[in-house]
Amino acid sequence: MKLADLPERLADFDVVVSCTASSLPILGLGMVERAVKQRRHRPMVMVDLAVPRDIESEVSRLSDVYLYSVDDLGRVVQSGADARRSAVVQAEAIIDTRVQGFMRWLESRETVPVIHDLQQAAADVQAAELERARRLLARGESPEAVLEQLAHGLTQKYLHGPMAALNRSDGDERRQLLAMVPRLFPGKDSRR
């Protein structure tokens, strides 16, 4: 349609998007008021993308017209950008937390073979000491003496590695080992 037909045809449209290179507004308050009246006050959305504006700013005062300018759209875009930046910060925090948790889990997995080896060594010592106790019982030794020897043998083998490491260490290594002993071998007070 021709620009000259705009005043008669404006009422036909629910949404009007304007973006011309005109130096003056092409949709004035009077023209839009007449169109709203013809539409029997059905709402109309108008988007003015032109700079300078194609739609007079006074049109925004009409209750049945929703006018959005480039400035309004810029604010919406800025608000969206701010929200995205905020979401990025939140997402990074979540990712950091999850990565740290995963790294802790991964580090804990490094101890699994060591724990397995410790348990196997303890099982081997237990089996050897039990076999020794059975042989003593089979020879007719007193059960009380055999139990005492079993307990003594298990204790000595249990403590041999840590005590040997302490005796071989010196300086910082010895201080570190001494600091670890109460954690690895808790005393009576810590068992309560």
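D71 comes out as partly exposed in this predicted model, its relative accessible area being 46%. The side chain of D71 reaches that of R53, and the two form a salt bridge with an N to O distance of 3.6 Å. R53 is partly exposed as well, at 33% relative accessibility. The contact ties together distant parts of the chain: D71 belongs to helix 3, R53 sits in the loop between strand 2 and strand 3, and 18 residues separate them. In total, the structure holds eight salt bridges.

Right beside D71 in the numbering, D72 has a salt bridge of its own, this time with R75, at 2.4 Å from N to O. This one stays local, since both D72 and R75 are in helix 3, three residues apart, or about one turn of the helix. The two ends fall into separate exposure classes: D72 is partly exposed because its relative accessibility is 23%, while R75, at 52%, counts as exposed. The cut-off matters for R75, because exposed means over 50% relative accessible area.

A further pair in helix 3 is E129 with R132, whose side chains meet in a salt bridge of 3.5 Å, N to O. E129 and R132 are three residues apart in the helix, so about one helical turn lies between them. Here the acid is the covered partner: E129 has a relative accessibility of 4% and is therefore buried, whereas R132 reaches 34% and is partly exposed. The pair is not isolated, as K157 joins E129 and R132 in a network of salt bridges.

Turning to the strands, strand 1 and strand 2 run parallel and are joined by four bridges. Within this pairing, V16 faces M46 of strand 2. The connection between the two strands goes by way of helix 2 (residues 29-38), and strand 1, helix 2 and strand 2 together make a right-handed β-α-β unit. On to the next pairing: strand 2 and strand 3 are also parallel, with five bridges between them. One of the matched positions is D48, which has S69 of strand 3 as its bridge partner. Strand 2 covers residues 44-48, and because four of its five residues are buried, the strand is largely enclosed by the rest of the structure.

Which residues have the most contacts inside the largest nonpolar core? They are L10, L27, V32, M46, I55, V59 and V65, in a core of 16 residues. Helix 2, strand 2 and strand 3 are the elements that give two or more residues to this core. Helix 2 gives the most, with four. M46 thus turns up twice in the picture, as the residue opposite V16 and as one of the residues with the most contacts in the core.

Nonpolar side chains also show up on the outside. V15, V17, L49, V51, Y66, Y68, V70 and L73 make a nonpolar surface patch of about 710 Å². Strand 1 (15-18), strand 3 (65-69) and helix 3 (70-138) each supply at least two residues of the patch. In a regular strand, side chains alternate between the two faces of the sheet. The patch includes V15 and V17, while V16 is the residue that stands opposite M46. From helix 3 comes V70, which is partly exposed at 33% relative accessible area. That value puts V70 within reach of the patch criterion, because patch residues need over 30% relative accessible area.

A few backbone details stand out too. V51, one of the patch residues, is joined to P52 by a cis peptide bond, with omega about 0°. P52 is in the loop between strand 2 and strand 3, the loop that also holds R53, the salt-bridge partner of D71. Another loop, between helix 2 and strand 2, contains R40 and H41. Both have positive phi without being glycine: the angle is near 60° for R40 and about 65° for H41. R40 is exposed, since its relative accessibility is 73%.

Methods: Residues are numbered from 1 along each chain as its sequence is written. This is a predicted model: local features need pLDDT of at least 70, side-chain atom pairs count only at pLDDT 80 or more; totals for chains, interfaces and linings use all residues. Side-chain values use heavy atoms; hydrogens and water are left out. Patches are made of residues with over 30% relative accessible area and no salt bridge: like charges are joined within 9 Å, nonpolar side chains (Val, Leu, Ile, Met, Phe, Trp, Tyr) within 5 Å. Accessible areas come from the Shrake-Rupley method with a 1.4 Å probe; for residues, only the protein chains shown count as cover. A salt bridge is a side-chain nitrogen of Lys or Arg within 4 Å of a carboxyl oxygen of Asp or Glu. Buried means under 20% relative accessible area, exposed over 50%, partly exposed in between (1.4 Å probe, protein chains only). Two strands pair if DSSP finds at least two bridges between them. A crossover is right-handed if, with the strands pointing away from the viewer, the path from the first strand over the helix to the second runs clockwise. A nonpolar core is a set of buried Ala, Val, Leu, Ile, Met, Phe, Trp, Tyr and Cys residues joined through side-chain atoms within 4.5 Å.
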